[in-house]
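Subject: Handover of a structure with its ligand

Dear colleague,

Please find the structure below, handed over for your own work. The findings follow it.

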Amino acid sequence: MIKFGALRREDMPLILQWRNQTPEAWRDPRPTTITQQYDWFDKVVSHNPNGRYWGIYLDDKLVGQVELTSIIWEYGTAEIGLIINIDYWSNGIGSAAVKFALEMGFNYLGLQTIYGESYKCAAADFWEKRAKKWGGYTTTLPLRKRTYDGELWDILYFSWARDDWNILNDR
Ligand SMILES: CC(C)(COP(=O)(O)OP(=O)(O)OC[C@H]1O[C@@H](n2cnc3c(N)ncnc32)[C@H](O)[C@@H]1OP(=O)(O)O)[C@@H](O)C(=O)NCCC(=O)NCCS
């Protein structure tokens, strides 16, 4: 059974390992050291009032992490971020985490818009499908590309609006 809970400091080595396995997915793909990862937990996860971070647990084992960041309370906006342990991909855990974050953002944090970006060389198809299914919006821009492995890749911009998601979601 999938559960969402507080991230723990001891989760950092695993999250770092997953992150370093998928450089194609990140806006800032610089390799990260364990010191930087603990620093992120201490300074950002524990203290940033404009972000919310959850561990994703399957039968009490950490299998991923999901977050709402860059929250601007005045505008009701936040960016969604997500990572799942590669050994557990394609089991529906990522989808469950997106639903959870939308529900938390819209029904508990009072957000109006939850958005993100993803690259065609990474998980753009994943987000495109979730957006279609749950009343979201997507677009790409002609001159905005991401370089990875010597190629230029489309950037998918996606978002959900509170009202549309509430009407179309399949809870
Ligand atoms: C993207 C990610 C979170 C998906 O997690 P997941 O647990 O595999 O998600 P699900 O099992 O719910 O996936 C469902 C669908 O996405 C597809 N999918 C999964 N990973 C994908 C990827 N990297 N690229 C394209 N499609 C992907 C699956 O084939 C499946 O397709 P379906 O809906 O036709 O059945 C996971 O692949 C991941 O952590 N990737 C690395 C980090 C990343 O890209 N994060 C997003 C940053 S914007």
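How many residues surround the ligand, and which are the closest? The model is a predicted one, and in it 19 residues surround the ligand. The closest of them are Ala25, Trp89, Gly94, Ser95 and Ala123. Sorted by class, the shell consists of nine nonpolar, eight polar and two charged residues. Four elements each contribute at least two residues to this shell: β4 (77-84), α3 (93-107), β5 (113-119) and α4 (124-133).

Overall fold

The protein chain contains five helices and eight strands. Their order along the sequence is β-α-α-β-β-β-α-β-α-β-β-β-α. The radius of gyration of the protein chain is 16 Å, which agrees with the value near 16 Å that a compact globule of 171 residues would have. The C-alpha trace spans about 40 × 40 × 35 Å along its principal axes. Of the 171 residues, 22% count as buried. Where contacts join residues at least 6 apart in sequence, 60% of them link residues at least 24 apart.

Nonpolar cores

The largest nonpolar core comprises 20 residues, and Leu82, Ala97, Ala101, Leu102 and Ile114 have the most contacts inside it. Two or more residues of this core come from each of α1 (12-21), β3 (61-72), β4 and α3. A second core, separate from this one, has six residues, including Ala124, Trp127, Ala131 and Leu156.

To return to one residue of the largest core, isoleucine 114 touches Leu68, Ala78, Ile80, Leu102, Gly105, Ser159 and Trp160, when residues up to four places away in sequence are not counted.

Helix α4

On which side of α4 do its buried residues lie, the same or opposite ones? The residues concerned are Ala124, Trp127, Arg130 and Ala131. They cover an arc of only 135 degrees around the axis, and therefore lie on the same side of α4. The elements against which these buried residues pack are α3, β5, β6 (137-139) and β8 (151-161). Glycine 135, which follows α4, has a positive phi near 70 degrees.

Backbone of the loop between β2 and β3

Most residues other than glycine have a negative phi. Two aspartates in the loop between β2 (52-58) and β3 deserve a mention here. Aspartate 59 is not a glycine, yet its phi is positive, at about 50 degrees. Aspartate 60 also has a positive phi, near 70 degrees. Are these residues buried or exposed? Aspartate 59 counts as exposed because it has 8 C-beta neighbours inside 10 Å, where 12 or fewer is the limit for that class. Aspartate 60 is likewise exposed, with 8 other C-beta atoms within 10 Å.

Tyrosine 119

Tyrosine 119 is placed in strand β5, one of the elements that supply the shell around the ligand. It is partly exposed, with 19 other C-beta atoms within 10 Å, since a residue is buried only at 20 or more. Beyond its neighbours within four places in sequence, tyrosine 119 is in contact with Glu24, Ala25, Ala124, Arg146, Tyr148, Trp153 and Ile155. Among these contacts, Ala25 is also one of the closest residues to the ligand, and Ala124 is one of the buried residues of α4. Between tyrosine 119 and methionine 1 there are 30 Å in space, C-alpha to C-alpha, and the two are 118 residues apart in sequence.

With kind regards

Methods. Residues numbered from 1 in each chain as written. Predicted model: local features only at pLDDT ≥ 70, side-chain atom pairs only at ≥ 80, totals over all residues. Near = placed C-beta within 6 Å. Nonpolar A, V, L, I, M, F, W, Y, C, P; charged D, E, K, R; others polar. Rg over C-alpha atoms; globule rule 2.2 N^0.38 Å. Contact = placed C-beta atoms within 7 Å. Core = buried A, V, L, I, M, F, W, Y, C linked by C-beta atoms within 7 Å. Arc of directions from axis to C-beta.
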